[in-house]
Amino acid sequence: MKARIHVTLKQGVLDPQGKAISHTLEALGFEGVEKVRQGNFIEIELTETDEQRAGEQVEQMCQKLLANMVIENYDFKLVS
Amino acid sequence: MKASIIVFPASNCDRDVAVALNEVTGKAPHMVWHGDADLPSSDLIVLPGGFSYGDYLRSGALAARSPVMNAVIERAKAGVPVLGICNGFQVLTESGLLPGVLLRNAGLKFICKDVHLTIERDDTLYSSDYKDNKVIKVPVAHHDGNYFADDDTIRQLEDDNRVAFRYCDQQGNASSEANINGSRNNIAGIYDESTRILGMMPHPERMIAPELGGNDGLPLFRSILDTLH
């Protein structure tokens, strides 16, 4: 089973990288870019085959290491 | 005074701190490898600057979960002073010993230069020798030094007088122009509740002799010795 995890900055946390990307998109001529937020995408291959147990495991991974809960949110999908 | 310096893969200021501590205390500190679960009995623990684990995932995130950090956290909670400089400050926030987080510099650039700092209080383990200096000059060298915490945490830090240093101009004004990296309230360093844990982005260990450009960093190490000797 695979876990596909997105870690993103919480609302209200300044994202200078997102801003820089937004400016560059504008400079390239892309119109209508309102806001860019940059985050991390992490893919983990798990040996666990039970969806509920895998979910609990990934939840723990996110809280203990993959996201810094002071500034980041996470969400994930399990795919078999 | 027995000091231990924790060495992570890609720490690069560990030896600078060792030189500074040796200079002040006359004793060579223990160099403790991150993979060691044993931490020698220490009066002071230093988490040095560098780019531990290549700053992968987030600066300090992987170092904060390395085996030796369990012992560091345990000792810190028992009252052993812990000083985190630059990457060491990032490790302290990632491990939860200090609040907040160090974000990418607001200007997105790595900043390597001498900066001025206000000494916010001169009554702690790390600052008692700064009675005559209200403004000091020390270098910074970081990409992720932009101190961030939510409004409540910032208010708490300010109310409890736990800001150690602020970025300022030569005259000591903590202006927005002097705020090199976008840190909230110009914060360059903070204490924990007991003031025995200090995290700071600037490098006092790189300013300990006139040949290095000044010795404004020396009183920090002397303060520790004066209190702990």
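In the predicted model, the axes of helix 1 (residues 14-25) of chain B and helix 5 (residues 218-228) of chain B come within 9 Å and cross at roughly 50 degrees. Two packed helices are described by the angle between their axes and the distance between the axes. Because an angle that is neither under 35 degrees, nor over 145, nor from 65 to 115 counts as oblique, helix 1 of chain B and helix 5 of chain B are oblique to each other, and the crossing of these two helices is right-handed. On the side of helix 1 of chain B, the contact is made by B:Ala20, B:Leu21, B:Val24 and B:Thr25, which meet B:Phe221, B:Arg222 and B:Leu225 in helix 5 of chain B. By residue class, this contact of helix 1 with helix 5 of chain B divides into 5 nonpolar residues, 1 polar residue and 1 charged residue.

Chain B also contains an open sheet of 9 strands, arranged in the order 2-1-3-4-11-10-9-6-7 and with mixed pairing. The edges of this sheet are occupied by strand 2 (30-33) and strand 7 (135-142) of chain B, each of which has a single partner strand, so that one side of each is left without a neighbour in the sheet. From one strand to the next, the twist of the sheet averages 25 degrees. Strand 2 of chain B runs parallel to strand 1 (residues 3-7) of chain B, to which it is joined by 4 bridges, and within strand 2 of chain B the residue that stands opposite B:Ile5 is B:Met31.

Helix 3 (residues 87-94) of chain B is largely enclosed by the rest of the structure, because 8 of its 8 residues are buried. The buried residues of this helix are B:Asn87, B:Gly88, B:Phe89, B:Gln90, B:Val91, B:Leu92, B:Thr93 and B:Glu94, and they pack against strand 3 (44-47), strand 4 (82-85), strand 5 (101-103) and strand 11 (197-200) of chain B. Just after helix 3 of chain B, a positive phi of about 85 degrees is taken by B:Gly96.

Backbone conformations with positive phi are also found at residues other than glycine in chain B. As a general background, most residues other than glycine have a negative phi. B:Cys86, in the loop between strand 4 and helix 3 of chain B, has a positive phi of about 55 degrees although it is not a glycine. With 31 C-beta neighbours inside 10 Å, B:Cys86 counts as buried, since the cut-off for a buried residue is 20 or more. A positive phi, near 50 degrees, is likewise assigned to B:Tyr53, which lies in the loop between strand 3 and helix 2 (67-77) of chain B. B:Tyr53 has 21 C-beta neighbours inside 10 Å and therefore also counts as buried.

In chain A, 3 strands form an open sheet in the order 2-1-3, and the pairing is antiparallel. Strand 2 (39-45) and strand 3 (72-79) of chain A stand at the edges with a single partner strand each, so one side of each is left without a neighbour in the sheet. The twist of this sheet averages 15 degrees from one strand to the next. Between strand 1 (residues 2-9) and strand 3 of chain A, the antiparallel pairing extends over 8 bridges, and A:His6 stands opposite A:Asp75 in strand 3 of chain A. Helix 2 (residues 51-66) of chain A lies across strand 1, strand 2 and strand 3 of chain A, and runs at about 155 degrees to strand 3 of chain A.

The two chains meet through 8 residues of chain A, which are in contact with 10 residues of chain B. On the side of chain A that touches chain B, helix 1 (residues 16-27) of chain A gives the most, with 3 residues, and the residues of that side divide into 6 nonpolar, 2 polar and no charged. Helix 1 of chain A also contains A:Ser22, which is partly exposed, with 18 other C-beta atoms within 10 Å. When residues up to four places away in sequence are not counted, A:Ser22 touches A:Val33, A:Lys35 and A:Val36. By contrast, A:Ser22 and A:Ile44, which are 22 residues apart in sequence, are 29 Å apart in space, C-alpha to C-alpha.

Note on methods: Residues are numbered from 1 along each chain as its sequence is written. Chains are lettered from A and ligands numbered from 1 in the order in which they are written. This is a predicted model: local features need pLDDT of at least 70, side-chain atom pairs count only at pLDDT 80 or more; totals for chains, interfaces and linings use all residues. Two residues are in contact if their C-beta atoms, placed from the backbone, lie within 7 Å. Ala, Val, Leu, Ile, Met, Phe, Trp, Tyr, Cys and Pro count as nonpolar, Asp, Glu, Lys and Arg as charged, and the others, Gly among them, as polar. Two strands pair if DSSP finds at least two bridges between them. Axes are lines fitted to C-alpha atoms, for helices over the stretch in contact, and angles run from 0 to 180 degrees between N-to-C directions. A residue is buried if 20 or more other C-beta atoms lie within 10 Å of its own, exposed if 12 or fewer, and partly exposed in between; C-beta atoms are placed from the backbone. A crossing is left-handed if the near helix is turned anticlockwise from the far one by less than a right angle, and right-handed if clockwise.
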